[in-house]
Amino acid sequence: MPRGQKSKARAREKRHQARQEPQNLVGAQATRLNEGANYQVEQRSGSSQALSTMESLHRRRLNEKVILLVYYLLYKYQIKEPITKGEMVRNVIQMYRNHFLEILKRASDHMEMVFGLDMKELDPYRHVYILVNKLEPCCDTVLNDDGGMPKTGLLMTILGVILMNHNCATEEQVWETLNVMGLYQGRRHFLFGEPKKLITEDLVQENYLVYRPVPHSHPPHHEFLWGPRAHVETTKMKVLEFLAKVHDTDPTTFPFLYEEALKDEEERAQARAAARARRAAMARERSRAKEGVPPTPNKV
């Protein structure tokens with residue numbers, strides 16, 4: 001090839017290489033950017049999974065602390081000792097002290113729903129708490145005040161079923177609710193023992209429930225009503241409030257039951273006022289008798 005043509009060929013090749021180099025640089029840079037982006041996505045994905053795993057582990061540990069605190073509170077209730085924040089942190093919560101309020105709230109909700117025990121703060125400065133049975137004692141003892149497993153929450157649930165079924169629930173309606181709670185006929189429960197014996201014998205003998213056959217039923221059926229002791233130790237309003245809390249709602253969302261509970265509260269208030277008036281009259285008569293004053297004649 002003549003010298004002039006060789007020079008022209010080399011010049012064209014250099015110009016071609018010059019045009020290709022920027023394209024190659026852009027391509028290489030794009031490849032590196034894509035590789036970097038992919039690496040960042042993978043890194044973020046890995047970090048997100050690790051964070052999710054850590055959160056799951058943290059939540060599981062908190063759940064375990066709630067369960068442990070429930071058992072600790074039950075133990076304190078059975079030995080009739082007050083509970084302090086220091087004891088709960090030292091013996092149960094330990095390194096999760098920053099989550100004390102959350103763990104305590106969940107544990108106290110569980111104590112109320114399952115066992116019918118309200119947690120009250122006696123001393124807000126020293127953070128001293130006690131557990132109080134939701135039933136008001138009318139006798140020397142309250143339900144399960146013998147050191148056994150508190151059954152007030154279970155009783156309140158059954159009273160609620162009766163209330164919601166016009167104050168008289170069939171045995172089937174009661175068992176339908178108890179089955180949801182994990183209690184079944186013929187299957188021993190790890191907390192409450194034999195459920196059928198508990199609700200058809202024990203609570204009946206303690207006068208909290210009435211268990212009677214349904215008249216003229218074929219085959220024979222039974223039904224539950226409130227027992228005389230339940231009428232004394234709790235009220236329809238308290239049971240309705242308990243049910244509302246279980247369903248995470250307000251008592252007024254059950255308008256007919258709420259109206260019935262209000263009427264019951266008014267009747268109880270009137271009965272208490274009449275009883276106070278009778279006691280006052282009797283006290284006046286005794287005072288007159290001591291002073292030798294003749295008794296006041298009854299009005300015709």
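In which hand does α4 pass α5? The crossing is right-handed. Keep in mind that this is a predicted model. Helix α4 is a good place to start, since it turns up in a contact with α5, in a contact with α8 and in the lining of the largest pocket.

**α4 against α5**
- Helix α4 covers residues 152–164 and helix α5 covers residues 171–180; their axes come within 10 Å and cross at roughly 135°.
- Angles from 65 to 115 degrees count as roughly perpendicular and those over 145 as roughly antiparallel, so α4 and α5 end up oblique to each other.
- On the α4 side, the contact uses Leu-154, Thr-157, Ile-158 and Val-161, while α5 brings Gln-173, Val-174, Thr-177 and Leu-178.
- Sorted by class, the residues of this α4 and α5 contact are five nonpolar and three polar, with no charged ones.

**α4 against α8**
- With α8 (236–246), the axis of α4 is 9 Å apart and the packing angle is about 105°.
- That puts α4 roughly perpendicular to α8.
- From α4, the residues in this contact are Gly-153, Met-156, Thr-157, Leu-159, Gly-160, Leu-163 and Met-164.
- Facing them from α8 are Lys-236, Lys-238, Val-239, Leu-240, Phe-242 and Leu-243.
- The class split for α4 with α8 is eight nonpolar, three polar and two charged.
- Thr-157 is worth a click: it sits in the contact with α5 and also in the contact with α8.

**The largest pocket**
- If you're thinking about volumes, the largest pocket holds about 280 Å³ of space.
- Its lining includes Met-113, Thr-157, Gly-160, Val-161, Met-164 and Thr-177.
- Also in the lining are Val-180, Met-181, Phe-242, Leu-243, Val-246 and His-247.
- Three elements give two or more residues each to that lining, namely α4, α5 and α8.
- Helix α4 supplies the largest share, at four residues.
- In terms of class, the lining has eight nonpolar and four polar residues, and no charged ones.
- Several lining residues, including Thr-157, Gly-160, Met-164, Phe-242 and Leu-243, show up again in the packing of α4 with α8.
- Likewise, Thr-157, Val-161 and Thr-177 are among the lining residues and also take part in the contact of α4 with α5.

**α2 against α3**
- Helix α2 (residues 85–93) packs on helix α3 (residues 100–115) at an angle of about 90°, and the axes are 12 Å apart.
- These two helices are therefore roughly perpendicular to each other.
- Lys-85, Met-88, Val-89 and Ile-93 of α2 meet Phe-100, Ile-103 and Leu-104 of α3.
- This α2 and α3 contact counts six nonpolar residues, no polar ones and one charged.

**Backbone spots to check**
- Going from His-218 to Pro-219, the peptide bond is cis, with omega near -5°.
- Pro-219 is in the loop between β5 (209–213) and β6 (222–226).
- His-127 isn't a glycine, yet its phi is positive at about 55°.
- You'll find His-127 in the loop between β2 (117–123) and β3 (128–133).

Terms used. Residues numbered from 1 in each chain as written. Predicted model: local features only at pLDDT ≥ 70, side-chain atom pairs only at ≥ 80, totals over all residues. Heavy atoms only, no water. Axes fitted to C-alpha atoms, helices over the stretch in contact; angles between N-to-C directions. Parallel < 35°, antiparallel > 145°, perpendicular 65-115°, else oblique. Left-handed = near helix turned anticlockwise from the far one by under 90°. Contact = heavy atoms within 4.5 Å. Nonpolar A, V, L, I, M, F, W, Y, C, P; charged D, E, K, R; others polar. 1 Å grid on protein atoms, 1.4 Å probe; cavity = no way out; pocket = protein on both sides within 12 Å on 5 of 7 lines; lining within 4 Å. Points joined across faces, edges and corners; volume = space filled by probe spheres on them.
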